[in-house]
Amino acid sequence: MSNHVYKSLELTGSSPVSIEDAAQTAIAKAHETVRNIQWFTVTETRGHVVDGKVAHWQVTLKIGFTLE
């Protein structure tokens, strides 16, 4: 196993569909500009309620990536 140095970023993704979709949205967007994403941790989950139903999910993630 190689020695790695990781850097982490905090992101918040949102979705009207699901928690998983909100996380995927955040990671996919980060992948456009951040190389070597290796892991993520969900740090917070929130939602917006309209008429007694969940209308929107927000998920805050910490993502880790290796430095080159």
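**A walk through a three-strand sheet and its core**

Okay, let's start with one residue: Asn36 has a relative accessibility of 31%, so it counts as partly exposed. The cut-offs behind that are under 20% for buried and over 50% for exposed, with partly exposed in between. Before I go on, please keep in mind that this is a predicted model.

So where does Asn36 sit? You'll find it in the loop that runs between α1 and β2, and β2 covers residues 37–50. What is the phi of Asn36? Its phi is near 65 degrees, which is a positive value in a residue other than glycine. As background, most residues other than glycine have a negative phi.

There's another residue like that, Asp51, with a positive phi near 55 degrees, and it isn't a glycine either. Asp51 belongs to the loop between β2 and β3. Those two strands form a hairpin with two residues between them. Is Asp51 buried or exposed? Asp51 is exposed, because its relative accessible area is 78%, and the cut-off for exposed is over 50%.

Now let's zoom out to the sheet. It's an open sheet of three strands, in the order β1-β3-β2, and the pairing is antiparallel. That puts β1 and β2 at the edges, each pairing on one side only. From one strand to the next, the twist averages 15 degrees. And a quick reminder: strands of a sheet pair through backbone hydrogen bonds.

How many bridges join β2 to β3? There are twelve, and these two strands run antiparallel. To pick out one pair, Arg46 has Gln58 in β3 as its bridge partner. On the other side, β1, residues 6–15, is joined to β3 by ten bridges, again antiparallel. Here you can look for Lys7, whose bridge partner in β3 is Phe65, and for Glu10, which stands opposite Lys62 in β3.

Next, the core. Which residues make up the largest nonpolar core? There are seven of them: Ala22, Ala23, Ala26, Ala30, Val59, Leu61 and Ile63. Two elements give two or more residues to this core, namely α1, residues 19–31, and β3, residues 53–66. The biggest share comes from α1, with four residues.

If you click on just one core residue, try Leu61. Leaving out residues up to four places away in sequence, Leu61 touches a long list, including Leu9, Leu11, Ala23, Ala26, Ile27, Phe40 and Val42.

One of those partners, Leu11, is worth a look too. Leu11 is in strand β1. With the close sequence neighbours set aside in the usual way, up to four places, Leu11 touches Ala26, Ala30, Val59, Thr60, Leu61 and Ile63. Here's a distance to try on your screen: Leu11 and Asp21 are ten residues apart in sequence, and their C-alpha atoms are 14 Å apart in space.

Last stop, Thr66, in strand β3. Thr66 has a relative accessible area of 11%, so it is buried, as the cut-off for buried is under 20%. What does Thr66 touch, not counting residues up to four places away in sequence? The answer is His4, Val5, Tyr6, Arg35, Asn36 and Gln38. And that brings us back to where we came in, since Asn36 is one of the residues that Thr66 touches.

How values were computed. Residues numbered from 1 in each chain as written. Predicted model: local features only at pLDDT ≥ 70, side-chain atom pairs only at ≥ 80, totals over all residues. Heavy atoms only, no water. Core = buried A, V, L, I, M, F, W, Y, C linked by side-chain atoms within 4.5 Å. Buried < 20%, exposed > 50% of the residue type's maximum accessible area, 1.4 Å probe, protein only. Contact = heavy atoms within 4.5 Å. Pairing = 2+ DSSP bridges. Axes fitted to C-alpha atoms, helices over the stretch in contact; angles between N-to-C directions.
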